[in-house]
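Here is a guided walk through a protein model, written for someone meeting one up close. Have the sequence and the picture side by side as you read.

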Amino acid sequence: MAVDLSMSVLVVDDYSTMIRIIRNLLKQLGFENIDDASDGSAALNKMRGKKYGLVISDWNMEPMTGYDLLREVRADPNLATTPFIMITAESKTENVIAAKKAGVNNYIVKPFNAATLKTKIEAVFPDMASA
């Protein structure tokens, strides 16, 4: 994988076990600089204080959902270009369409493994995957 493994990755999920799973998968892929947040509001605060190369967020969180986080990120000129992957347990077509319209870079349906995560990350960084 020719993606920059030293970039900061922010994992956003209100379920600590899922954060641990995603963190472990990212480490298996070689990422080292991984932060986490328990909801969209906490993620926004972290993003405003640090530049992230990638955000991986769950859709279904309280009080701020991953979808709301995505919309906030895309509306903020300082954050708008941040690559964003949405994770969800639901593969509803309308959710995928809504996320795409809101500017998501890729979409992962649970459950998934390291190979799926790698493929989705590489698709977000096509220039790096071929490097």
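Helices and strands here are DSSP runs, with at least four residues for a helix and at least two for a strand, and they are numbered from the N terminus. With that in hand, you can place proline 63: it sits in the loop between β3 and α3 (66-75). One more thing before going on: this is a predicted model.

**Two prolines in loops**

What is the form of the peptide bond from glutamate 62 to proline 63? That bond is cis, with omega near -5°. Further along the chain, the bond from lysine 110 to proline 111 is cis too, with omega near -5°. Proline 111 belongs to the loop between β5 (106-109) and α5.

**Two helices that cross**

Now find helix α1 (residues 16-29) and helix α5 (residues 114-124). Their axes come within 10 Å and cross at roughly 70°. Angles from 65 to 115 degrees count as roughly perpendicular, so that is the word for how α1 and α5 lie to each other. On the α1 side, the contact is made by Leu25, Leu26, Gln28 and Leu29, while α5 brings Ala114, Leu117, Lys118 and Ile121. Sort those residues by class and you get 6 nonpolar, 1 polar and 1 charged.

**What is packed inside**

In soluble globular proteins, nonpolar side chains tend to be buried together. Here, the largest nonpolar core has 23 residues. Which of them have the most contacts inside this core? They are Leu26, Phe31, Ile56, Leu117 and Ile121. Five elements, β1 (9-12), α1, β3 (54-58), β4 (84-88) and α5, each supply at least two residues of the core. The biggest giver is α1, with 6 residues.

Take Leu26 as an example. Setting aside residues up to four places away in sequence, leucine 26 touches Val9, Val11, Phe31, Ile34, Ile56, Leu117 and Ile121. Apart from this core lies another one, of 21 residues, and its members include Leu10, Ala37, Tyr52 and Met61.

**A pair of rings**

How many aromatic pairs are there? The count comes to 1. The partners are tryptophan 59 and tyrosine 67, and their rings are stacked, 5.1 Å centre to centre with 15° between the planes. Tryptophan 59 has a relative accessible area of 15%, so it is buried.

**Buried or out in the open?**

Let's compare a few residues by how much of each can be reached from outside. Buried means under 20% relative accessible area, exposed means over 50%, and partly exposed is in between.

| Residue | Relative accessible area | Label |
|---|---|---|
| Serine 57 | 0% | buried |
| Tyrosine 52 | 4% | buried |
| Tyrosine 107 | 7% | buried |
| Lysine 120 | 24% | partly exposed |
| Lysine 101 | 72% | exposed |

Serine 57 is in strand β3. Leaving out its neighbours within four places in sequence, serine 57 is in contact with Val12, Gly66, Leu69, Phe84, Ile85, Met86 and Ile87.

Tyrosine 52 lies in the loop between α2 (40-49) and β3. Its contacts, with neighbours within four places in sequence left aside, are Ser8, Val9, Leu10, Asp35, Lys46, Met47 and Thr82. Tyrosine 52 and isoleucine 108 are 56 residues apart in sequence and 19 Å apart in space, C-alpha to C-alpha.

Tyrosine 107 is part of strand β5. Beyond its neighbours within four places in sequence, tyrosine 107 is in contact with residues including Trp59, Ile85, Met86, Asn95 and Lys120. From tyrosine 107 to asparagine 45 is 62 residues in sequence and 23 Å in space, C-alpha to C-alpha.

That brings us to lysine 120, in helix α5. Which residues is lysine 120 in contact with, leaving aside its neighbours within four places in sequence? They are Ile85, Asn106, Tyr107 and Ile108. Lysine 120 and isoleucine 108 are 12 residues apart in sequence, and 7.5 Å separates their C-alpha atoms.

Last stop: lysine 101, in helix α4 (residues 93-102). The C-alpha atoms of lysine 101 and aspartate 36 are separated by 25 Å, and the two residues are 65 apart along the chain.

Key. Residues are numbered from 1 along each chain as its sequence is written. This is a predicted model: local features need pLDDT of at least 70, side-chain atom pairs count only at pLDDT 80 or more; totals for chains, interfaces and linings use all residues. Side-chain values use heavy atoms; hydrogens and water are left out. Axes are lines fitted to C-alpha atoms, for helices over the stretch in contact, and angles run from 0 to 180 degrees between N-to-C directions. Angles under 35 degrees count as roughly parallel, over 145 as roughly antiparallel, 65 to 115 as roughly perpendicular and the rest as oblique. Contact means heavy atoms within 4.5 Å. Ala, Val, Leu, Ile, Met, Phe, Trp, Tyr, Cys and Pro count as nonpolar, Asp, Glu, Lys and Arg as charged, and the others, Gly among them, as polar. A nonpolar core is a set of buried Ala, Val, Leu, Ile, Met, Phe, Trp, Tyr and Cys residues joined through side-chain atoms within 4.5 Å. Buried means under 20% relative accessible area, exposed over 50%, partly exposed in between (1.4 Å probe, protein chains only). Rings of Phe, Tyr and Trp (its six-membered ring) pair if their centres lie within 6.5 Å; planes under 30 degrees apart count as stacked, over 60 as edge-to-face and the rest as tilted.
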